[in-house]
Amino acid sequence: MAMPVGQLAIDEYGNPFIIVEEQSKKKRLKGIDAHKANILAAKAIAESVRSSMGPKGMDKMVVGPDGDVTVTNDGATILEKMDVNHQIAKLLVELSKSQDDEIGDGTTGIVVMAGAMLDQSMALIEKGIHPLRIATGFEKACEVAVKRVEAIARQVDIMKDDKAALRKAACTALGSKVVSSRQEQLAKISVEAVLSVADLGRRDVNFDLIKVEGKVGGKLEDSCLINGIIVDKDFSHPQMPKIVKDARMAILTCPFEPPKPKTKHKLDIRSAEDYKKLYENEQQYFRDQIKALQKCGANLVICQWGFDDEANHLLYQNKLPAVRWVGGVELELIAIATGGRIVPRFEELTPEKLGKAGTVKEVTFGTTKEQMLVIEDCANSKAVTVLVRGGNQMVVDEAKRCLHDANCCVRNLIRDPRVVPGGGASEMAANLAVVEASDCEQTMDQYSMRAFAAALDAIPMALAENSGLSAIGEMAAMKAKQKNTQNAWHGVDCMQAGETDMWEQNVYESCASKCNQLRLATQVVKMILKIDDVITSADTIDG
C-alpha cells in the first residue's frame with residue numbers, strides 16, 4: 001500500500017489540493033535553545049579574532065576556496081575571507097564590515113565587544129531574565145558608556161606641531177599591524193596623502209583621489225607618496241622618449257584606427273588599384289587623426305584602447321609619445337589631476353581639453369623590466385598616489401590594507417578632532433561609569449547594566465592577554481589607578497614602556513570610532529537577543 005504523501009484539503013471553489021508534509025525535513029529551535037545556539041555561534045566568531053587584537057596581536061592566515069592565501073591582522077578582512085555558514089555568525093561579519101565602511105578602524109574590537117556582551121547575556125538568560133529586559137538594560141548602559149567616552153575625550157589641534165596629532169593617531173592604527181616596524185614612515189605618508197586631497201572647509205576627504213598602487217620587489221621602506229598619478233603601463237613604442245617635460249596630454253576614449261562598420265560587410269577588391277585606394281584611404285584616416293592631435297598642441301597621447309603597429313609607427317614618426325590600454329578609473333584620475341577632459345572623438349579635440357603636467361616619465365623597477373609611468377606636477381594636484389613596495393604580494397596587500405586603516409583614522413580626526421585613549425582605557429572608564437549608574441537603577445535593568453560593564457572588560461583583558469601580561473591583575477590595577485588619580489587615560493601598557501598614561505604614550509584614536517563601536521555592537525546584540533525561534537532545513541542548523 002502506498003504511503004500517504006500529505007493531507008488532502010479542499011479550497012473555497014471546491015478544488016482538491018494536497019498539503020505536502022515538508023515539515024519533517026525542517027529543524028526547529030525554540031526559546032532558550034535558540035538563544036544558546038545563536039550566542040554560541042557569535043562567540044565562536046568573536047573568539048577567532050580575539051587573539052589578533054592590539055600591538056602584540058597575532059596574524060591570521062586564511063586560505064580561500066581557490067587556494068589563495070591571505071595573511072592579515074585586520075578584523076574585517078579576516079571575517080570577510082572566512083567561510084561562515086551560520087546566519088547569526090554572518091551578522092557579526094556584517095557588523096565588522098559596517099564598522100569598516102563607516103569608520104575604517106576598530107573592526108576587531110567591535111566583534112570582540114559584541115561577543116563578550118552575548119556571553120554575559122547568556123548567564124542572565126539562564127538566571128531567568130527575559131531577553132528583552134536584557135536588551136533594554138544594554139541600551140541604557142550603552143548611553144552611559146558613550147556619554148563617559150565623550151566626557152574623557154580631548155580636543156586636539158590637528159595642524160599643530162607639523163600635524164603631530166594626526167601622525168600619532170595614524171601610528172596607533174598601524175601599531176597593531178604587520179607593518180608596525182615602519183609605522184612612523186607610513187603614518188607620515190598617510191597624513192600627507194589625506195591632507196593633499198582633504199577639503200578642510202567641508203571637513204571631508206574623497207578617498208577616490210588617493211590611489212594606492214602596489215609593486216612587488218624592494219623593501220617596505222621604499223614605499224613613497226607621489227604627488228601625481230602612477231599608471232602601470234609604459235610608452236607604446238620602445239624608441240619613444242622616456243621623459244616628457246611640460247606635458248600637454250590628449251586623453252582619448254576612441255580607438256586609434258579607421259572606423260569599422262557595425263554591420264556585417266564584404267569588400268570585393270579585384271585589382272591592385274582598388275587595393276592601393278583602400279590602403280590610401282586607411283592611411284588618410286591615420287593622418288587626419290595625427291593632424292587633429294598636432295593641431296590642438298598635444299605632445300602626449302593617453303588612449304583607453306589599443307592601436308596597431310601602423311598607428312604606433314605614425315605616432316613615433318610624428319614625435320607623439322603615446323600610452324595605450326589605460327583603464328577607465330585611471331583615465332578619470334589622470335583627467336582630474338591634470339585638469340584635462342576625456343575626449344570621445346578626434347574631431348572634438350581642442351587646446352582647452354588637454355591635461356597639463358610638469359613631467360611624465362617612465363620608471364623601471366629592479367632588473368625585471370617592470371615599467372610604470374609617473375605623472376607629476378599636475379595642474380590640479382588634488383589626486384595623489386601611494387606606491388607600496390614589499391618583498392612579496394602578501395606583504396604588499398597587507399600594507400595596502402594597513403594604509404587604508406590609517407587613512408580612515410586621519411579622515412575621522414579631520415571630521416571630528418576629539419581623541420580618546422587606546423590601550424583599553426576608554427572601555428575601563430566606561431565600565432566604571434556604567435557600574436556606578438547601575439547602582440542607582442531600581443529596576444531589573446540593574447543586572448543587565450552590570451553585565452554590559454563586565455562585557456566592556458573584554459577589550460582590556462584581550463589586550464593584556466595578547467601582550468603576555470596577567471589579564472585580570474593588569475586590569476584591576478588600571479581601574480584602581482583611574483579611580484585614585486581621577487584620570488581616565490590610564491590603560492594597559494602593552495608595549496611595556498613603563499608608562500600607563502595613554503596621552504604620554506601617544507596611543508589614542510578618534511572619539512567617533514569608539515562611540516560607533518559601542519552603539520553598533522549594542523544594536524547587533526539586541527537584534528540577536530530578540531530571536532527566540534530558528535526554523536531551518538536540517539542540514540544547515542549546525543553550520
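This is a short talk on two open sheets, the helices lying across them, and a surface patch in a predicted model.

Okay, hi everyone. Quick reminder before we look at sheets: strands pair through backbone hydrogen bonds, and that can be parallel or antiparallel.

Let's start with the sheet whose order is β9-β18-β10. It's an open one with three strands, and the pairing is mixed. At the edges sit β9, residues 210–216, and β10, residues 224–226, each pairing on one side only. On average, neighbouring strands here are turned by 25 degrees against each other, ignoring direction. Now, find β9 and β18, which is residues 384–390: they run parallel and share seven bridges. If you want a spot to click on, V216 is opposite G390 in β18. Lying across β9, β10 and β18 is helix α7, residues 183–197, at about 160 degrees to β18.

Next, the other sheet. This one is also open with three strands, ordered β6-β19-β20, but the pairing is antiparallel. Its edge strands are β6, at 154–155, and β20, at 508–510. Between β6 and β19, residues 418–421, there are two bridges. R154 has V419 in β19 as its bridge partner. And a helix lies across this sheet as well: α17, residues 511–529, goes over β19 and β20, at about 75 degrees to β20.

Last stop, the surface. Which residues form a nonpolar patch there? They're L267, I269, Y275, L278 and Y279, and together they have about 510 Å² of accessible area. L278 belongs to helix α8, residues 272–295. So is L278 buried, partly exposed or exposed? It counts as partly exposed, because its relative accessibility is 37%, and partly exposed covers the range between under 20% for buried and over 50% for exposed.

That's my tour, thanks!

Terms used:
Residues are numbered from 1 along each chain as its sequence is written. This is a predicted model: local features need pLDDT of at least 70, side-chain atom pairs count only at pLDDT 80 or more; totals for chains, interfaces and linings use all residues. Side-chain values use heavy atoms; hydrogens and water are left out. Patches are made of residues with over 30% relative accessible area and no salt bridge: like charges are joined within 9 Å, nonpolar side chains (Val, Leu, Ile, Met, Phe, Trp, Tyr) within 5 Å. Accessible areas come from the Shrake-Rupley method with a 1.4 Å probe; for residues, only the protein chains shown count as cover. A salt bridge is a side-chain nitrogen of Lys or Arg within 4 Å of a carboxyl oxygen of Asp or Glu. Helices (H or I, at least four residues) and strands (E, at least two) are DSSP runs, numbered from the N terminus. Buried means under 20% relative accessible area, exposed over 50%, partly exposed in between (1.4 Å probe, protein chains only). Two strands pair if DSSP finds at least two bridges between them. Contact means heavy atoms within 4.5 Å. Axes are lines fitted to C-alpha atoms, for helices over the stretch in contact, and angles run from 0 to 180 degrees between N-to-C directions.
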